[in-house]
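Welcome! Have the structure ready, and try each exercise yourself before reading its solution.

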Amino acid sequence: MIILAIALAFVVWQGWQRLENQQQRLDEVAQQAEGSASQQAVSDLESRLDSGEAERDEALQSTLGDLRDEFDSYRSDVDETLGQVLDQLSQEQDTDEREWLHAEAAYLLRLANQRLQLEGDVDGAAALLRTADARLVDADNPALTPVRAAIANELAALDAVPQVDRTGLYLALNAQQERISSLRLSQEIEEQAVTSSIEQPPTGTFQRQLARFGEELKDLVVVRHHDEALEALITPEQESYLRQSLRLVLEQTQLALLNEEKELYDASIDKALQLLNDYYDTTREETQSVITRLQELKEAEVKPELPDISASQQELARFIDNRYKTRGQSGGDS
């Protein structure tokens, strides 16, 4: 019985061990199944999230595209409406003193163009433009905004034109004329008076008189020996002609400055520099100073490029024509 009880206990213990092993395996299988289900759920969730994000991006891009199209259409409608309103304002405004203001502004703009093109008067043209703009301000018509915008652009262009100090350049050329008159030529002109020590007519024999003349000639004639060929000396008359020619060239430069003739201005200064280098002593400091100053004056802006200021005149002419055409059509319909 004891052995049988022991055997039975051993059999029960083995069965219990097998049952526990099976239960452990079942738990592991359940855990694996649960883990696999969780991983699959996570993958499905990620896939759904990616799909949802792509759909949201697509919907967002589509919405943004629709908004852009609507905004462009709205802006186009606003611009068209604004243009119609400005035209209507210009057409419906009653005929009164504003017509005189428009006509006066048109005259001032035309005068500004003439002043700039014919006289090159930048300051005068700018003053006329500002006066015309003031007349348009008094007219108090929003349809004149394009005209005033053109005037503002033209004033900015005139302000950018470099200023030419013609008075200063003219006086600077005058100063160089005065300095050139005292410069030395490259060849010295020496005028020596011929004097004789014979105070009384020679007397005596012919031989004595001849000997006395020989002594006088020794004092008058000086013989110099040169290894190189000598240049022809400049006579006093030639010197006077040379200095007068240089003065006339600088006066021509001043005339070209006043007439805004840049090519003649440059050519005249080049001619003056050539005369100085050819006939004056360029080794002296005062001569080099004059040459340097003339080269500086040559670089001065004599005739700056002028802008086109006709846009405002054209805009105002279109505005006035539009008013007259509309008034004529209204009169014909009535």
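Below are five exercises, each with a worked solution.

This is a predicted model, in which local features need pLDDT of at least 70 and side-chain atom pairs count only at pLDDT 80 or more, while totals for chains, interfaces and linings use all residues. Residues are numbered from 1 along each chain as its sequence is written, and side-chain values use heavy atoms, with hydrogens and water left out.

**Exercise 1. Compare the expected and actual span of helix α9, then find which side of α9 is buried.**

Step 1. Helices are DSSP runs of H or I with at least four residues, numbered from the N terminus. Helix α9 covers residues 285–298, which makes 14 residues.

Step 2. The expected span is 1.5 Å times one less than the number of residues. For α9 this should give 20 Å, and the end C-alpha atoms are indeed 20 Å apart, so the two agree.

Step 3. Call a residue buried under 20% relative accessible area, exposed over 50%, and partly exposed in between (1.4 Å probe, protein chains only). In α9, the buried residues are Thr287, Val290, Ile291, Leu294 and Leu297. They lie on the same side of α9, because they cover an arc of only 125° around the axis; the arc is taken from the directions from the helix axis to the C-beta atoms.

Step 4. Look for the cover, counting contact as heavy atoms within 4.5 Å. Among the elements covering the buried residues of α9 are α5 (166–180), α7 (236–258) and α8 (262–279).

**Exercise 2. Locate Ala143 and decide whether it is buried or exposed.**

Step 1. Ala143 sits in the loop between α3 (122–139) and α4 (145–159).

Step 2. The relative accessible area of Ala143 is 11%, so this residue is buried.

Step 3. Now find Phe319: in sequence it is 176 residues from Ala143, yet the C-alpha atoms of the two are 8.0 Å apart in space.

**Exercise 3. Examine the salt bridge between Arg115 and Glu119.**

Step 1. A salt bridge needs a side-chain nitrogen of Lys or Arg within 4 Å of a carboxyl oxygen of Asp or Glu. By this rule there are eleven salt bridges.

Step 2. Arg115 and Glu119 meet the rule with an N to O distance of 3.7 Å.

Step 3. Both belong to helix α2 (residues 97–119), and because they are four residues apart there, about one helical turn separates them.

Step 4. Arg115, at 25% relative accessibility, is partly exposed, whereas Glu119, at 52%, is exposed.

**Exercise 4. Trace two salt bridges, one from Arg130 and one from Arg166.**

Step 1. Arg130 pairs with Asp159, their closest N and O atoms being 3.9 Å apart. This pair links distant parts of the chain, with Arg130 in helix α3 and Asp159 in helix α4, 29 residues apart.

Step 2. Arg130 is partly exposed at 43%, and Asp159 is exposed at 54%.

Step 3. The side chains of Arg166 and Glu260 meet at 2.3 Å, N to O. Here the link runs from helix α5 to the loop between α7 and α8, across 94 residues.

Step 4. Arg166 is partly exposed at 22% relative accessible area, while Glu260 is buried at 17%.

**Exercise 5. Which helix holds Leu64, and is Leu64 buried or partly exposed?**

Step 1. Leu64 is found in helix α1 (residues 2–92).

Step 2. With a relative accessible area of 32%, Leu64 is partly exposed.

Terms used: Helices (H or I, at least four residues) and strands (E, at least two) are DSSP runs, numbered from the N terminus.
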